[in-house]
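Visitor: I would like a close look at the aromatic residues of this structure, and at how their rings are arranged. Please take me through them slowly, with the geometry and the surroundings of each pair.

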2 protein chains.
Amino acid sequence: MTSLVAIDWGSSNRRASLLRDGVVVDRHHDAEGVLTCGGDFAASLDALLARWPELPADAPVLMSGMIGSRSGWVEAPYVPCPARLDALGTQLIEVPRDDRFASLSSRRICIVPGVCQYDEPDVMRGEEIQILGSMLLGGGDGIYVLPGTHSKWVIVENGCVTRFRSFMTGELFALLGKHSSLASLLGADNASEDMAAFRAGAAAAAGGGLSHRLFGLRASVLLGAQGAASSQSWLSGLLIGAEWHDPHVRAWIRSAATAATDGEVRIVGEAHLAHLYAHVAESIGASVRGFAPEASFLAAIQHLWSSGS
Amino acid sequence: MTSLVAIDWGSSNRRASLLRDGVVVDRHHDAEGVLTCGGDFAASLDALLARWPELPADAPVLMSGMIGSRSGWVEAPYVPCPARLDALGTQLIEVPRDDRFASLSSRRICIVPGVCQYDEPDVMRGEEIQILGSMLLGGGDGIYVLPGTHSKWVIVENGCVTRFRSFMTGELFALLGKHSSLASLLGADNASEDMAAFRAGAAAAAGGGLSHRLFGLRASVLLGAQGAASSQSWLSGLLIGAEWHDPHVRAWIRSAATAATDGEVRIVGEAHLAHLYAHVAESIGASVRGFAPEASFLAAIQHLWSSGS
């Protein structure tokens, strides 16, 4: 039996899976993120592994995400575009030995590198794994979008990430809801999305001008043109719409639709966000396919481990 | 002798001037803003007036800004576009009597209303006074820009505000510098503006895509394409550039330049910001004229009082 621990270790969260012969036998999700776990990553991993006393002493640990950033355990240098994703397994970075913890001493503990783009500066860490997994699960070459704090739009050609483009979508949404002059409008957690407001926000994004539109939301509520309760959905539509209406993204979708590869946008995101993205796609006549982030992550980790070790 | 107290009472600050026969004889600036003074506006004004024991008991107080908003002393309903600015003096709103304070009992205490636009929802409070003052100081009809937390671009035709457009420029700059993932890059207060970085940021705004550009700033620093120290100037350029490159603003400047009125952009802002705005203007071939906010404010307040009382 072969055991493997796979960890998606982000800035503020960590998702770990214990696999045995390719099957997930346990999962653990906690808030021990790179910026929140206190900085002693070895101690934090040791505590995590203590959940699984039956884990063989030589079972490897494979990690992706911000754990490989400058503020993480050890910096895993970015692989520049064009980046062949199924070769990332040969570029794993091992963390330095730490003899304080017996649980870490006889196993390989590796970090998957992120991907960077120099000509128009951009970076990703963690998304590369999700994309590889979705490719393996049938996505192949094409356009991918990964909704999130820093959403990514990605072109995969011949198995390589050739271009990508990030958006601060999730971060701006949280920032405006918590700290801006719109916070009192956006404060209430919506029980359900107001899809008409979401559509209106996405349509408003077509004209660009985010900084203007944000103030406009406030003015619309003040003047009674928009209900305060649906402001959150409208803002969500505006920020997600800004991705779909970005001139580069539009050009990618158009040219893909006429090229050898299909024009489908592969959405790698949780159900609620994937649904919202699909909604904007429909409004501009684009077709989509969905991939589950966790299944993609696990498919990629296993592929990398078997090809790289 | 005629005395008058003029107060520009904003959300987080208050600027008061004591005028005697049209001449400023004293100024006071404090942090007793609408949202920061504790909510007892009468008590706050009473304490302010105590600075000037020689003030005649019947000298009026004229106020503009957020003090007339829903969260202010008394709501001064917006005057809708097209709004004749030199007639605002006939639409002053008096605050309710408050017998707790002898200093307030025998004088008129009035608030200047703001201006709103219904077809594309937008609002201003406080800027209308600055524009009127600049008009009186020789600006006349034309395009005005008022840099700030919520920058305003305004068209004045035949003495009326006919259209305007707000941008969250200053608020986004502060928000990103304090609370975002860019905060550590932007944290250091720049001793001086890096004009090359400012220009690069303004040029980047030409392509739109603010949400993408913000993440790109982070990536540029991570990849060594941009120095961290100049990030603040670059961001300032991006946000201010987004105003000048806004399609509507560009169209206004173009059409004004060919119409009866001149195409000059009248900048009503403090020296440092006015300088930055003028810099972007130059890069796109627009000409500008500057107006000092305080002089404009005082000119308008006196005009409104003499015409409205």
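Guide: What follows is a walk through the aromatic pairs, with a short look at a helix crossing at the end. The model is a predicted one, and a search of the whole of it finds eight aromatic pairs over all chains. A pair of aromatic rings is described by the distance of the centres and the angle of the planes.

Let us begin with A:Trp9 and A:Trp73, whose rings form an edge-to-face pair, 6.4 Å centre to centre and with 75 degrees between the planes. A:Trp9 belongs to strand β1 (residues 3-9) of chain A, whereas A:Trp73 is found in the loop between β4 (61-64) and β5 (79-80) of chain A, so this pair ties together parts that lie 64 residues apart in sequence. As for their surroundings, A:Trp9 is buried, because its relative accessible area is 0%, and A:Trp73, with a relative accessibility of 16%, also counts as buried because the limit for that term is under 20%.

Turning to A:Trp153 and A:Trp244, their ring centres are 4.8 Å apart and their planes stand at 85 degrees, and the pair is therefore edge-to-face, as an angle over 60 degrees requires. This pair, too, links distant parts of the chain, for A:Trp153 lies in strand β12 (residues 151-157) of chain A and A:Trp244 in helix α8 (residues 231-244) of chain A, 91 residues apart. A:Trp153 counts as buried at 0% relative accessibility, and A:Trp244 is likewise buried, with a relative accessible area of 0%.

Returning to A:Trp9, we find that A:Trp9, A:Phe41 and A:Trp73 form one aromatic cluster. The ring of A:Trp9 has a charged neighbour as well, since the charged end of A:Arg14 sits over that ring, 4.8 Å from its centre. In chain B, the charged end of B:Arg14 sits over the ring of B:Trp9, 4.8 Å from the centre of that ring.

While we are in chain B, a helix crossing deserves a look. The axes of helix α6 (residues 195-204) of chain B and helix α10 (residues 271-283) of chain B come within 11 Å and cross at roughly 55 degrees, which means that α6(B) is oblique to α10(B). The crossing in which α6(B) passes α10(B) is right-handed. On the side of α6(B), the contact is made by B:Met195, B:Phe198, B:Arg199 and B:Ala202, and on the side of α10(B) by B:His275, B:Leu276, B:His279 and B:Val280.

Conventions
Residues are numbered from 1 along each chain as its sequence is written. Chains are lettered from A and ligands numbered from 1 in the order in which they are written. This is a predicted model: local features need pLDDT of at least 70, side-chain atom pairs count only at pLDDT 80 or more; totals for chains, interfaces and linings use all residues. Side-chain values use heavy atoms; hydrogens and water are left out. Rings of Phe, Tyr and Trp (its six-membered ring) pair if their centres lie within 6.5 Å; planes under 30 degrees apart count as stacked, over 60 as edge-to-face and the rest as tilted. Helices (H or I, at least four residues) and strands (E, at least two) are DSSP runs, numbered from the N terminus. Buried means under 20% relative accessible area, exposed over 50%, partly exposed in between (1.4 Å probe, protein chains only). A charge sits over a ring if NZ of Lys or CZ of Arg is within 6 Å of the ring centre and within 35 degrees of the ring normal. Axes are lines fitted to C-alpha atoms, for helices over the stretch in contact, and angles run from 0 to 180 degrees between N-to-C directions. Angles under 35 degrees count as roughly parallel, over 145 as roughly antiparallel, 65 to 115 as roughly perpendicular and the rest as oblique. A crossing is left-handed if the near helix is turned anticlockwise from the far one by less than a right angle, and right-handed if clockwise. Contact means heavy atoms within 4.5 Å.
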